[in-house]
Amino acid sequence: MEAIASQNAGRVMDGPTNPMVTPLLTDLYQFTMAYAYWKAGKHNERAVFDLYFRKNPFGGEFTVFAGLEECIKLIANFKLTEEEVSFIHKSLPGSCEEGFLNYLREIDCSDVEVYAISEGTVVFPKVPLLRLEGPVAVVQLLETPVLNLVNFASLVTTNAARHRLVAGQSKMLFEFGLRRAQGPDGAIGASKYCYIGGFDATRWFADNVAAGRLFGIPLRGTHSHAFVSSFMSPDEILERSLCSSDGSSTCEDFVTLVHSWLSKIQWLKSLGGIFGETNQSELAAFISYALAFPNNFLALVDTYDVIRSGVPNFCAVALALSDLGYRAVGIRLDSGDLAYLSSEARKIFHTIEKELGVPGFGKMIITASNDLNEETLDAIRKQGHEVDCFGIGTYLVTCYAQAALGCVFKLVEINNQPRIKLSEDVSKVGERILCRHPFSESKRAYVVPKRVEELLKCYWPGKSGKVREELPALKDIRDHCIKQLEQMRPDHIRRLNPTPYKVSVSAKLYDFIHFLWLNEAPVGEL
């Protein structure tokens, strides 16, 4: 998206990643309310809104906050064009006055303040993630797009984090969801937020190149079953020569070299005649791909038979590459019993390393895919496996286990009159305080804080003159998310029956909340 010149605190900021994120990405009733505010002379009244959610997703006890950067980009570039004002005029009732349209032409977010928890932070229900302060009509117009930008982002980041926790930190995770995502925006957003949630790259076998370009997410690429099926035999390969990795020599017939290695491994006694004649069309595909990408050869080995054809064909090509100074990457399994097949493939790799004296061959990377989710990852882990990398798509990017997070945007103050308590004095390290459950009178405890951190930071100061918090780089957000999860107690983040994380309020805040509820609640009459 072309950068829109919009400035706050001396900086120009690009517009949102998706060009469809404009002031019109909202509900019509936001504009009808804005007109009613304007008509009543209330449009410039100072209002404060909090964005939060009511329940953690996926049956868990934590959520990862994401989407802040896109919100700030929207706010930095919030300005209606003449064409957009004209469209709004046509969409509103005919009684709409010209003065309101002039008001719309002038509004921006220069008088809006945004306070937020850092993106990538582990958060909990009913804790404000974002706080917007400004003219009530303007802040109301931001409600729908801000909810849209935070809801999916936080949901898919949390989903990615849960998959990372199940897989373990030692495994590589790749997002495979482009073709199954809910449209282009769902795919691009999912790539970004899965990376924040702890995934290592986007698409090992068919990269989401657009996400890589936009966000700098690492890309990986190999081939599909169609590539393997497109070959008939090695006779199709016309260009057979391959230079050595250091350029010092050239193998004039790489195909013959591969066949010689295939014969050697077929007769290895330690493999006990596991395979005989392998599929030659598959072998042709592997050779062709290796000739094109000798430094990045990773083969999809389950088109025909994994153990009797795919793995030995891969090994023959990998050994031929090794002769020329290259190191193959490994294999990908996309069907079958992934735990068993990965273990058997690893045994073959170790045997070849030992019997043929090829250092490091036993450590070839094994990647697994095929509709993986939290449950299948957990099952594979319990069975025991030799998979190094998992490619996860449909269940990850579509958030199949839960459709939405359900964030809400609530008015908490108008003209300095609280509709609910906003804040209070920050606690001090070492100072004993009484903490209470927000809604249960009997649950309370004294706490002596060892560390105190102010969660809401100023990311858009408006006209307040406050120092603006810089938006971090994507990798820094990812690192922050991973660190946050590492600090969580294991029972709070386990997949099944996690222990609820206790969020308490001070006695002073508890008293104020309940006073406000009682004061605002209607009194019945019997």
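This is a guided tour of a predicted model, with a suggestion at each stop of what to select next.

**The whole chain**

Begin with the full chain in a cartoon view, where the C-alpha atoms fill a box of roughly 90 × 60 × 45 Å, taken along the principal axes. The secondary structure comes to 17 helices and 21 strands, and of the 526 residues of the chain, 53% count as buried. If contacts are drawn for pairs with a separation of 6 or more, residues 24 or more positions apart account for 74% of them.

**The two domains**

Next, colour the chain by its domain assignment, which gives domain 1 as 28–159 + 405–430 + 452–503 and domain 2 as 163–398. The C-alpha centres of domain 1 and domain 2 lie 43 Å apart. Where the two domains meet, 19 residues of domain 1 are in contact with 23 residues of domain 2.

**The second largest pocket**

Now select Asn18, Val21, Leu149, Asp185 and Gly189, which, among the 21 residues that line the second largest pocket, lie nearest its centre. The elements giving two or more residues to this lining are α5 (136–167), α6 (183–196) and α7 (209–215), and of the elements it is α6 that gives the most, with six residues. The pocket has a volume of about 520 Å³, and its lining, sorted by class, has 12 nonpolar, six polar and three charged residues. With the domain colours still switched on, one may ask where the second largest pocket lies with respect to domain 1 and domain 2. Both domains give residues to the lining, so the pocket lies between them.

**The largest nonpolar core**

Hide the pocket and show Leu130, Phe254 and Phe314, which, of the 148 residues in the largest nonpolar core, touch the most other members. The largest share of this core, 17 residues, comes from α5, and the core draws at least three residues from each of domain 1 and domain 2. Then centre the view on Leu130 and display its surroundings: leaving out residues up to four places away in sequence, Leu130 touches Phe49, Asp50, Leu51, Phe65, Leu68, Cys71, Val114, Tyr115, Ala116, Val146 and Val150.

**His163 in α5**

Stay with helix α5 and select His163, which lies in it. Is His163 buried or exposed? His163 has a relative accessibility of 2%, under the 20% cut-off, and therefore counts as buried. Beyond its neighbours within four places in sequence, His163 is in contact with Leu173, Phe199, Asn373, Glu374, Leu377, Ile392 and Leu396. A distance drawn from the C-alpha atom of His163 to that of Leu178, 15 residues apart along the chain, reads 17 Å.

**Pro294 and a long span**

Move on to Pro294, found in the loop between α10 (280–292) and β12 (298–300). Pro294 counts as buried at 12% relative accessibility, and, with neighbours within four places in sequence set aside, Pro294 is in contact with Leu242, Leu321, Tyr326 and Arg327. From here, a line from the C-alpha atom of Pro294 to that of Val408, 114 residues apart along the chain, covers 52 Å.

**Thr81 and a second span**

Thr81 can be picked in the loop between α2 (68–76) and α3 (82–91), where, at 40% relative accessibility, Thr81 counts as partly exposed. Add Thr250 to the selection: Thr81 and Thr250 are 169 residues apart in sequence and 62 Å apart in space, C-alpha to C-alpha.

**Two residues with positive phi**

Most residues other than glycine have a negative phi, and the last stop concerns two residues that do not follow this pattern. Select Cys399, in the loop between α14 (394–397) and β16 (408–414), where phi is near 50 degrees, a positive value in a residue other than glycine. Cys399 is buried, with a relative accessible area of 2%.

Then select Asn497, in the loop between α16 (490–493) and β21 (505–506). Phi of Asn497 is likewise positive, near 50 degrees. Is Asn497 buried or exposed? At 66% relative accessibility, Asn497 counts as exposed, whereas Cys399 is buried.

Methods. Residues numbered from 1 in each chain as written. Predicted model: local features only at pLDDT ≥ 70, side-chain atom pairs only at ≥ 80, totals over all residues. Heavy atoms only, no water. 1 Å grid on protein atoms, 1.4 Å probe; cavity = no way out; pocket = protein on both sides within 12 Å on 5 of 7 lines; lining within 4 Å. Points joined across faces, edges and corners; volume = space filled by probe spheres on them. Helix = DSSP H or I, 4+ residues; strand = E, 2+ residues; numbered from the N terminus. Nonpolar A, V, L, I, M, F, W, Y, C, P; charged D, E, K, R; others polar. Domains from an automatic or database assignment. Core = buried A, V, L, I, M, F, W, Y, C linked by side-chain atoms within 4.5 Å. Buried < 20%, exposed > 50% of the residue type's maximum accessible area, 1.4 Å probe, protein only. Contact = heavy atoms within 4.5 Å.
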